[in-house]
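Visitor: I'm new to this structure, so please pick a single part and give me a close look at it. After that, walk me through whatever else helps me find my way around.

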Amino acid sequence: MAIKEKNILNRLYFIAACMFVFAIAVLAKLVNIQFVEGDMYRQKAQERVFKTFDIPANRGNLYDSKGNLLATSVPKYDIRFDALAVNDKDFRAHIKPLCTALSKEFGKPVSYYDKIIRTARANKNRYLLLRRNLGYSQYMRVKKFPLFEFGANRGGLIVEQRTVREHPIGKIAERTVGYERRDEQGYYTRVGLEGAYGPFLRGKEGKRKKQKIAKNQWKPIGDANEVEPQDGYDVVSTIDVNIQDIAHHALLAQLEIFEAEHGTVVVMETKTGEIKAISNLGRTNAGKYYEKLNYAVGESHEPGSTFKLMTMVAALEDRVIDSSYVVDTENGRVKFYDRIVKDSKWGGYGKISVAKAFELSSNTAFAKMINENYKDNPRKFVDRLINMGLGETLGLAIKGEGKPKIPYPGDKDWYGTTLPWMAHGYGVAITPLQTLVFYNAIANDGEMVKPRFIKEVKTWDKTRERFDKEILNPTICSKETAKIVQEMMENVVKRGTADNIRTENFGIAGKTGTCWGNYGRDKEREYISSFAGYFPSDKPIYSCIVVIHKPNKKKGYYGSEVAAPVFKTIATKIYNDIPVIDEVSYAVVESNSVVNSYEKYYQNAQKYKTIMPNVTGMPAMDVISLLENMGLKVELKGSGRVKKQSIKPGTKVKINQTVRLELS
């Protein structure tokens with residue numbers, strides 16, 4: 001019996017000891033949690049309930065060269081209601097006036113708002129959506145509604161702000177204006193001007209603390225932000241919306257006529273390198289055209305006969321020929337090894353000077369001229385091309401510039417036929433903008449300037465950074481050579497392959513181009529049509545290139561009939577419609593005193609016409625600020641979003657002109 005009792009006592013002592021040890025362990029863990037790991041666990045608990053969110057800053061505005069908006073940020077607000085934040089007394093006193101105010105503002109019955117708010121309170125809903133996408137003016141009115149005027153903690157008002165990027169000129173220049181987007185990992189996708197100058201435009205994000213109130217639902221704490229966002233700077237581009245409008249519609253009309261796959265147009269100011277217009281249109285499966293890709297900047301391809309200018313300049317600079325150098329085009333067919341160079345004219349042109357060969361765009365003449373003078377030392381010809389800047393990119397801020405290709409002797413793709421084929425624009429690759437920069441340099445007597453897309457970065461009252469003229473190469477050739485080829489390009493229009501675009505009002509200088517878009521059989525072959533040049537030819541103000549890919553061969557494919565007429569339309573409208581003489585003089589540009597204040601931009605906007613944007617579907621308050629910024633007077637009928645506008649999109653308008661908007 002005594003032994004049995006002793007065994008029971010031993011078991012009790014063991015159990016007691018285990019319980020004591022367990023109690024000590026629990027106590028030790030509690031002490032560790034409280035004093036050692038307490039801060040970590042408190043932080044984790046805090047993070048589950050409270051979290052700091054980034055508030056995107058308002059992006060700066062993107063303007064054209066005369067102060068017209070190309071892109072602007074419009075704040076949008078979502079209004080929600082925390083049905084449990086309001087005490088019973090305030091709820092009973094203000095629910096009816098609140099529903100009445102909401103009904104008057106948004107058009108739904110008072111009973112609708114009364115029902116959803118009371119239901120939310122009964123269901124303890126702390127995140128009831130009342131309205132999305134309010135403009136700033138509407139948001140300010142809603143903040144003053146009964147009950148909401150007490151703020152977030154007492155009135156239950158939840159306001160979530162975001163910004164939406166609007167493009168007042170619509171789809172015109174959409175790819176050039178571009179966008180900047182950031183993914184969840186923080187990486188940016190940059191396209192066009194918005195992407196290139198994102199660091200200036202995007203501003204600095206703010207911070208706001210929110211409390212978790214339900215699954216994936218976070219309610220802002222209080223009415224104020226912890227850190228207020230800082231708006232981005234405004235960027236003033238070189239684009240001129242009037243010239244952009246002209247270029248866009250001239251290209252679009254020709255693409256539709258010739259049922260082409262895609263095309264591009266660039267207009268550049270000769271002396272400064274400022275890009276005044278850049279249009280890139282691609283065809284959809286339905287046969288419509290839109291700003292698909294930035295072909296002007298990113299698409300390298302064989303240029304065909306527009307490259308003959310580069311060939312001619314190289315040969316003249318190396319003094320292996322002069323303009324009177326005579327070449328026998330034979331019967332329009334010249335064989336190099338196993339390949340034949342052909343002229344478009346069957347039977348050829350006989351014996352002609354290289355100047356005449358340029359006017360007539362003779363492939364055989366150029367192939368023979370270069371082969372005869374460089375076959376023993378092809379490096380001399382290629383080195384000349386490279387020294388003129390044709391082997392390098394332009395170093396644009398806009399992403400995606402295509403790389404030029406200039407074959408070099410000794411490369412794997414250098415053959416016996418490479419040299420004569422290069423002479424008339426095959427076997428090389430270059431983008432439309434790179435081609436234009438070379439033509440522009442000839443218009444500048446040999447000075448090659450870098451294409452420029454922006455003038456300055458500014459706040460409303462102060463210039464932060466200015467972008468002035470940048471010279472890539474002060475002399476790609478002698479002035480003597482430049483004068484010779486300038487005359488040749490004038491003769492192309494006067495009596496050569498582009499005589500169909502000659503005009504009596506002003507001179508045009510340029511070169512047609514027609515090249516293969518593929519190397520299939522004749523029936524399967526597709527073409528690229530182009531024209532590059534400048535105007536007025538005696539005192540160049542603008543240079544321009546037109547490139548159209550894969551026109552319907554049954555309707556035409558030569559550069560003279562497909563691309564050159566687009567150039568003429570653009571040049572004529574710019575010359576006739578825009579007071580180029582009254583624009584900022586080149587002397588002013590060179591003295592670094594280009595437009596540098598908001599007041600000056602406003603004065604220019606008063607002076608020049610602007611383009612009416614498509615505002616259909618936009619909230620009235622956003623439209624008012626947009627159109628008044630353009631200098632228009634706005635008359636409204638109704639409330640809500642724009643249903644009709646009295647002035648059609650794309651129409652040229654004048655400052656102080658009245659536009660009437662019918663709202664839904």
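Guide: Lysine 124 sits in the loop between α4 (110–122) and β4 (128–134). Helices here are DSSP runs of H or I with at least four residues, strands are runs of E with at least two, and both are numbered from the N terminus. What we're looking at is a predicted model, where local features need pLDDT of at least 70, side-chain atom pairs count only at pLDDT 80 or more, and totals for chains, interfaces and linings use all residues. Residues are numbered from 1 along each chain as its sequence is written, and side-chain values use heavy atoms, with hydrogens and water left out.

Back to that loop. Lysine 124 has a positive phi of about 60 degrees, even though it isn't a glycine. Lysine 124 counts as exposed because its relative accessibility is 60%; the cut-offs are under 20% relative accessible area for buried, over 50% for exposed and partly exposed in between, using a 1.4 Å probe and protein chains only.

Now step along to strand β4, which is where asparagine 133 lies. Asparagine 133 isn't a glycine either, and its phi is positive as well, near 55 degrees. With 28% relative accessibility, asparagine 133 counts as partly exposed.

Another backbone oddity turns up further along the chain. Phenylalanine 535 and proline 536 are joined by a cis peptide bond, with omega at about -20 degrees. You'll find proline 536 in the loop between β23 (527–535) and β24 (542–549).

Staying around those strands, lysine 550 and glutamate 526 form a salt bridge, with their closest N and O atoms 3.5 Å apart. Lysine 550 lies in the loop between β24 and α19 (559–562), and glutamate 526 in the loop between β22 (509–516) and β23, so the pair ties together parts 24 residues apart in sequence. By salt bridge I mean a side-chain nitrogen of Lys or Arg within 4 Å of a carboxyl oxygen of Asp or Glu. Lysine 550, at 28% relative accessibility, counts as partly exposed, and glutamate 526, at 30%, counts as partly exposed too.

The whole structure contains 29 salt bridges. Side chains of opposite charge can pair when their charged atoms come close. A handful of them hang together here: Arg59, Arg165, Glu180, Glu194 and Arg202 are linked in a network of salt bridges.

Let's go into that network. Arginine 59 meets glutamate 180 in a salt bridge of 2.8 Å, N to O. This pair links distant parts of the chain, 121 residues apart: arginine 59 is in the loop between β1 (50–55) and β2 (62–63), while glutamate 180 is in strand β6 (residues 179–182). Both ends are tucked away: arginine 59 is buried at 16% relative accessible area, and glutamate 180 is buried at 13%.

Arginine 165 pairs with glutamate 194, and here the closest N and O atoms are 2.7 Å apart. That link also spans distant parts of the chain, 29 residues apart, running from strand β5 (residues 157–166) with arginine 165 to helix α8 (residues 192–196) with glutamate 194. Glutamate 194 counts as buried, since its relative accessibility is 1%.

A different kind of link involves lysine 455, in strand β19 (residues 454–458). The side chain of lysine 455 makes a polar contact of 3.0 Å with the side chain of glutamate 274. Lysine 455 is buried, with a relative accessible area of 11%.

Finally, zoom out. The chain has 23 helices and 29 strands, and buried residues make up 50% of its 664 residues. Among contacts with a separation of 6 or more, 70% come from residues 24 or more positions apart; a contact means heavy atoms within 4.5 Å.

As for confidence, pLDDT (the predictor's confidence in each residue, from 0 to 100) averages 85 over the chain, and 85% of the residues score at least 70. Over residues 580–608, though, the pLDDT is below 50, and this stretch has 51 contacts in the model beyond near neighbours in sequence. Where pLDDT is low, the predicted coordinates should not be read in detail.

Definitions and conventions: Polar contact = N/O pair within 3.5 Å; in protein donor to acceptor, adjacent residues only side chain to side chain.
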